[in-house]
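Could you walk me through this structure in my viewer? I would like to know what to select at each stop and what I will find there.

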Amino acid sequence: METEVTKKVMLSGIKPSGDLTLGSYLGAIKNWAERAEQFDCYYFMADMHAITVRQNPADLRRRTLEQLAQYIACGLDPEKNTLFIQSHVPEHAELGWVLNCYAMFGELSRMTQFKDKSAKNADNINGGLFTYPSLMAADILLYQPDLVPVGEDQKQHVELTRNICQRFNGIYGDVFKMPEPYIPKVGARVMDLLTPTSKMSKSDDAGSGVVYLMDSPDDIRRKFKRAVTDSDTERCVRYDPETKPGVANLMSIYAAATGRSYDEIEAEFDGKGYGVFKPAVADAVVDMLCPIREEAQRIMKDKAYLESVYKTGAQKASYIAGKTLRKVYKKIGFVAP
Ligand code: TRP
């Protein structure tokens, strides 16, 4: 008899508040495709989180679907992963409310992201922005995941989720599984092409230092042409992130796109200037992103397919989430409907 090995569960949310970038791809998404072999993966578009800052409704709708299409185009197979839209699974809002009653005002006040975002949106410091981590805790705890892959900036929210989990389990017994944050080591850290000392970020609306997954080849070439290299007089392709952050960033992009090592890249461009190097990086990126862009565009046009993906995903997610929520309701003393 074959033994069924249950895979570990992994879950992550993606806020559809900006367009995906080369940084999101090389830093994260690229490594997700093969993860499905090892883990039972859930990924959702966190549209309910996105509205904690004001969104244009048409843009939010388009971006949510576009991101889903882009993830699939990047290799996230909907047959092997559960892909869904957060607002399609009402258990998130329901458990989010419950967990609000187990998250402390002081804890929530200490969240760096809340402080940053309040400073940036001084005219819209709403309750949702403040209680965002309780909803995120609900997102996570509903699926009893082992691991939660997040960027460094979200680690504090996962820590808070762990505190809520422990507090809740302490009162009611083992209801939730204790999740671990998982900060993947693989993947390149891509920096802004114009300000190579800061991360290439999707929320950066400066634009021209950011390469988007959906940029045309011309856009990509133009952006790399303008990329900052360095101000020293050496003018050679050498990996030194301290003194040559711009060149180091281009090298790490080139390395990720071609699979070459820094030594190989230095040898390849030995004696050649940035005028040769920059277009070569641009070409490698165009070659890498073009098929993804075309596939995403094809999927976006296939509304029926996209719909079947997110409907199936929501059904699968709801089945698991519903089980956890029923258990929670029972434990806290809600009358069964
Ligand atoms: N807060 C995350 C971000 O801004 C997105 C997110 C929402 C998330 N819910 C989650 C990530 C649950 C991991 C698990 O990027």
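Here is a short tour that starts at the ligand and ends at a helix. Keep in mind as you click along that this is a predicted model.

**Stop 1: the ligand and its shell.** Select the ligand and the residues around it. The shell holds 14 residues, and those that come nearest are Gly13, Lys15, Tyr132, Asp139 and Gln154. Now colour the shell by class: eight residues are nonpolar, four are polar and two are charged.

**Stop 2: the polar side chains.** Show Tyr132 and Asp139 as sticks. Tyr132 places a polar side-chain atom 2.7 Å from a ligand nitrogen, and Asp139 has a polar side-chain atom 2.7 Å from a nitrogen of the ligand too. Add Gln154, where an N or O atom of the side chain is 2.9 Å from a ligand nitrogen. Switch on the surface next: of the 370 Å² of accessible area that the ligand has on its own, the protein covers 91%.

**Stop 3: the elements behind the shell.** Select β1 (8-14) and α8 (127-141), each of which supplies at least two shell residues. The largest share, four residues, comes from α8.

**Stop 4: helix α5.** Select residues 91-100. Which residues of α5 are buried? They are Glu91, His92, Leu95, Gly96, Val98 and Leu99. Look down the axis of α5: these buried residues fall within an arc of 165°, so they line one face of the helix. To see what the buried residues of α5 pack against, add β3 (82-85), α8, α9 (155-172) and α14 (303-332).

Technical notes:
Residues numbered from 1 in each chain as written. Predicted model: local features only at pLDDT ≥ 70, side-chain atom pairs only at ≥ 80, totals over all residues. Heavy atoms only, no water. Near = heavy atom within 4 Å. Polar contact = N/O pair within 3.5 Å; in protein donor to acceptor, adjacent residues only side chain to side chain. Areas by Shrake-Rupley, 256 points an atom, 1.4 Å probe, with all protein chains shown as cover. Nonpolar A, V, L, I, M, F, W, Y, C, P; charged D, E, K, R; others polar. Buried < 20%, exposed > 50% of the residue type's maximum accessible area, 1.4 Å probe, protein only. Arc of directions from axis to C-beta. Contact = heavy atoms within 4.5 Å.
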